[in-house]
Amino acid sequence: NVYGSNSRSKQVLVHRMHFILSQTEFTLLKTLMEHHFESKVSDIDLKLHWPPFEIWELINFKAIVLFPWNLEITTFLEFYRLNIPLFVPDSSFMSVVVWCYMVNPALQHVHRFTTIRKEWWHGASCHLQPSPEECAGAEPDSIPPWLDSENEMPLYKQINSWWQETDYVKMPHVQHFTGVVHLLQQLHHFDAHSVVKRMRAANLADQMKSAGVYEAMLGTR
């Protein structure tokens, strides 16, 4: 696993920010980011719009800012395995974003955060057990994995609890930001070379672990 970002590059890709924000929110954040970098406070070249690309082109970027549109997306893992520094919103930030999406029907014309929406679990066996109380004595993984507005736990806390189980939180060396200002500060000061080095070591360890599992299954060890 030899790829990594170009630590000498000034380009930072902001990937699909519009996927999870309303048009008004997207426009405000876009304007704020563009103003910051146009004011020459930083020499970072922020790419808010990027045409379709080949995966190898991403190594031309110093880092990628990713706004997740589900609790698990293949894109995140693909970027991570390239050893490119990843910046994602922290749990509090994303819990607010998901909450706004869940309570605002106007945003739901586009399917986002499907893994925790009850209607997307229709037909699953756990759909017959709609609350933790009715799952008493059941195996832990049979408790409904969707958000429940009738649950005693507030919706925001349910979202935050699920978010703690995501790769965005658990994968090592992912950079987290609490808001746009914090993100801009980090992009200006972070050590890309050091982050790439640590990501490469983590990915190599995972690769060796996976190889060991497959070798054991095939009886080649």
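**Exercise 1. Aromatic contacts in helix H2**

Phe76, Tyr80, Trp163 and Tyr168 form one aromatic cluster. The model is predicted, with pLDDT of at least 70 needed for local features and 80 or more for side-chain atom pairs, while totals for chains, interfaces and linings use all residues. Residues are numbered from 1 along each chain as its sequence is written, and side-chain values use heavy atoms, without hydrogens and water.

Task: Classify the pair Phe76 and Tyr80 as stacked, tilted or edge-to-face.

Solution.
- Rings of Phe, Tyr and Trp (its six-membered ring) pair if their centres lie within 6.5 Å; planes under 30 degrees apart are stacked, over 60 edge-to-face, and the rest tilted.
- By this rule the count comes to 9 aromatic pairs.
- Phe19 and Trp69 are one of these pairs, edge-to-face at 5.1 Å centre to centre with 65 degrees between the planes.
- Phe19 lies in the loop between strand S1 (11-15) and helix H1 (23-38), and Trp69 in the loop between strand S3 (63-66) and H2, so the pair ties together parts 50 residues apart in sequence.
- Helices (H or I, at least four residues) and strands (E, at least two) are DSSP runs, numbered from the N terminus.
- Phe19 is partly exposed at 21% relative accessible area, whereas Trp69 is buried at 13%.
- For Phe76 and Tyr80, the centres are 6.2 Å apart and the planes make 35 degrees, which is tilted.
- Both residues lie in helix H2, 4 residues apart, about one turn of the helix.
- Phe76 is buried at 1% relative accessibility, and Tyr80 is buried at 0%.
- The cut-offs for these words are under 20% relative accessible area for buried, over 50% for exposed, and in between for partly exposed (1.4 Å probe, protein chains only).

**Exercise 2. A charge over a ring**

Task: Which residue lies over the face of Phe19?

Solution.
- A charge sits over a ring if NZ of Lys or CZ of Arg is within 6 Å of the ring centre and within 35 degrees of the ring normal.
- Arg112 lies over the face of Phe19, at 4.2 Å from the ring centre.

**Exercise 3. Salt bridges**

Task: How many salt bridges does a search of the whole structure find?

Solution.
- The criterion is a side-chain nitrogen of Lys or Arg within 4 Å of a carboxyl oxygen of Asp or Glu.
- The search gives 3 salt bridges.
- Asp206 and Arg81 meet at 3.1 Å, N to O.
- This pair links distant parts of the chain, with Asp206 in helix H7 (residues 192-218) and Arg81 in helix H2 (residues 74-81), 125 residues apart.
- Asp206 is partly exposed at 31%, and Arg81 is partly exposed at 32%.
- Asp45 bridges to Lys47, with the closest N and O atoms 3.1 Å apart; Asp45 is partly exposed at 31%.
- Lys170 and Glu165 meet at 3.0 Å, N to O.
- Lys170 is exposed at 53%, whereas Glu165 is partly exposed at 49%.

**Exercise 4. A nonpolar surface patch**

Task: Which helix gives the most to the nonpolar patch?

Solution.
- Patches are made of residues with over 30% relative accessible area and no salt bridge, joining like charges within 9 Å and nonpolar side chains (Val, Leu, Ile, Met, Phe, Trp, Tyr) within 5 Å.
- Val96, Trp99, Val103 and Tyr156 form the patch, with about 330 Å² of accessible area together.
- The areas come from the Shrake-Rupley method with a 1.4 Å probe; for residues, only the protein chains shown count as cover.
- Helix H3 (residues 91-103) gives the most, with 3 residues.
- Tyr156 lies in helix H4 (residues 155-163) and is partly exposed at 31% relative accessibility.
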